[in-house]
Amino acid sequence: MTVSCSTGVHDKHDVYALQCPCRDVLDLLANKWAALAIGALEDGPVRFGELQRRLQGISPKVLTNTLRRLEDSGFIDREIYAEVPLRVEYSLTDLGHSVSTPLSALRTWVEAHLHEIT
């Protein structure tokens, strides 16, 4: 399916085209931490510390940057609760849920076929 490009840079969205903004989205979603963060949010809202524990090996700085990029792109929401101490939860938007399905399939495929990859 091709979709007309609203940027005026070219006629249709094409991730293979040099200046297509689709590439920025593909770059974000193909990032391992973004793909894993989306997966970690599939079951509902999660706090920062819980996300960091789930995504073993991610630094707080990288997690913060990843969450900001996903929020700026409309894949996740950040909800701040005025409590003491302050509570912040992250959750998938409708757009985030829609991309979680193919990313989940990719994660499942990797786990099932890792033994075949050299």
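**Structural features of the predicted model**

The side chain of Thr93 reaches the backbone nitrogen of Gly96, at a distance of 3.1 Å. Thr93 itself belongs to the loop between S3 and H5. The model in which this contact appears is a predicted one. Thr93 counts as buried because its relative accessibility is 14%, and the limit for a buried residue is under 20%. Apart from its neighbours within four places in sequence, Thr93 is in contact with Gly74, Phe75, Ile76 and Asp77.

The overall organisation of the chain provides the setting for this loop. Five helices and three strands make up the secondary structure of the protein chain, and from the N terminus on these elements follow the order α-α-β-α-α-β-β-α. Along the principal axes, the C-alpha atoms fill a box of roughly 50 × 40 × 25 Å. The protein chain has 118 residues, of which 29% count as buried. When contacts between residues at least 6 apart in sequence are considered, 38% join residues at least 24 apart.

Helix H2 spans residues 32-40, and seven of its nine residues are buried, so the helix is largely enclosed by the rest of the structure. The buried residues are Trp33, Ala34, Ala35, Ala37, Ile38, Gly39 and Ala40. The covering of these residues includes four helices and two strands by name: H1 (22-29), H3 (48-54), H4 (60-72) and H5 (94-113), together with S1 (46-47) and S3 (87-92). At the N-terminal end of H2, Asn31 acts as a cap, with a side-chain oxygen 2.8 Å from the backbone nitrogen of Trp33.

H2 also takes part in the nonpolar interior. In soluble globular proteins, nonpolar side chains tend to be buried together. The largest nonpolar core of this model has 23 residues, and within this core Leu51, Leu70 and Ile76 have the most contacts. Two or more residues of the core come from each of H1, H2, H4, S3 and H5. The largest share, six residues, is supplied by H2. Leu51 illustrates how separate parts of the sequence meet: with residues up to four places away left out, Leu51 touches Ala37, Ala40, Leu41, Val46, Leu63, Leu67 and Tyr90.

The largest pocket holds about 180 Å³ of space. Its lining is formed by Trp33, Leu36, Gly39, Ala40, Glu42, Arg54, Leu55, Gln56, Ser104, Arg107, Thr108 and Glu111. At least two of the lining residues come from H2, and at least two from H5. By character, the lining consists of four nonpolar, four polar and four charged residues. One of the lining residues, Arg107, is found in helix H5. Arg107 and Leu36 are 71 residues apart along the chain, while their C-alpha atoms are separated by 8.5 Å. Beyond residues up to four places away in sequence, Arg107 touches Ala35, Leu36, Gly39 and Glu42.

The strands S2 and S3 hold two further residues of interest. Asp77 lies in S2, which covers residues 76-81. With a relative accessibility of 42%, Asp77 counts as partly exposed. The C-alpha atoms of Asp77 and Tyr90 are separated by 5.6 Å, although the two residues are 13 residues apart along the chain. Not counting residues up to four places away in sequence, Asp77 touches Glu89, Tyr90, Ser91 and Thr93. Between S2 and S3 runs the loop that contains Pro85, and the peptide bond joining Val84 and Pro85 is cis, with omega about 0°.

Glu89, one of the residues touched by Asp77, has its place in strand S3. Glu89 counts as buried, because its relative accessibility is 17% and the cut-off is under 20%. The side chains of Glu89 and Arg87 are joined by a polar contact of 2.9 Å. With neighbours within four places in sequence set aside, the contacts of Glu89 are with Pro45, Val46, Arg47, Asp77, Arg78, Glu79 and Tyr81.

Key: Residues numbered from 1 in each chain as written. Predicted model: local features only at pLDDT ≥ 70, side-chain atom pairs only at ≥ 80, totals over all residues. Heavy atoms only, no water. Buried < 20%, exposed > 50% of the residue type's maximum accessible area, 1.4 Å probe, protein only. Contact = heavy atoms within 4.5 Å. Polar contact = N/O pair within 3.5 Å; in protein donor to acceptor, adjacent residues only side chain to side chain. 1 Å grid on protein atoms, 1.4 Å probe; cavity = no way out; pocket = protein on both sides within 12 Å on 5 of 7 lines; lining within 4 Å. Points joined across faces, edges and corners; volume = space filled by probe spheres on them. Nonpolar A, V, L, I, M, F, W, Y, C, P; charged D, E, K, R; others polar. Core = buried A, V, L, I, M, F, W, Y, C linked by side-chain atoms within 4.5 Å.
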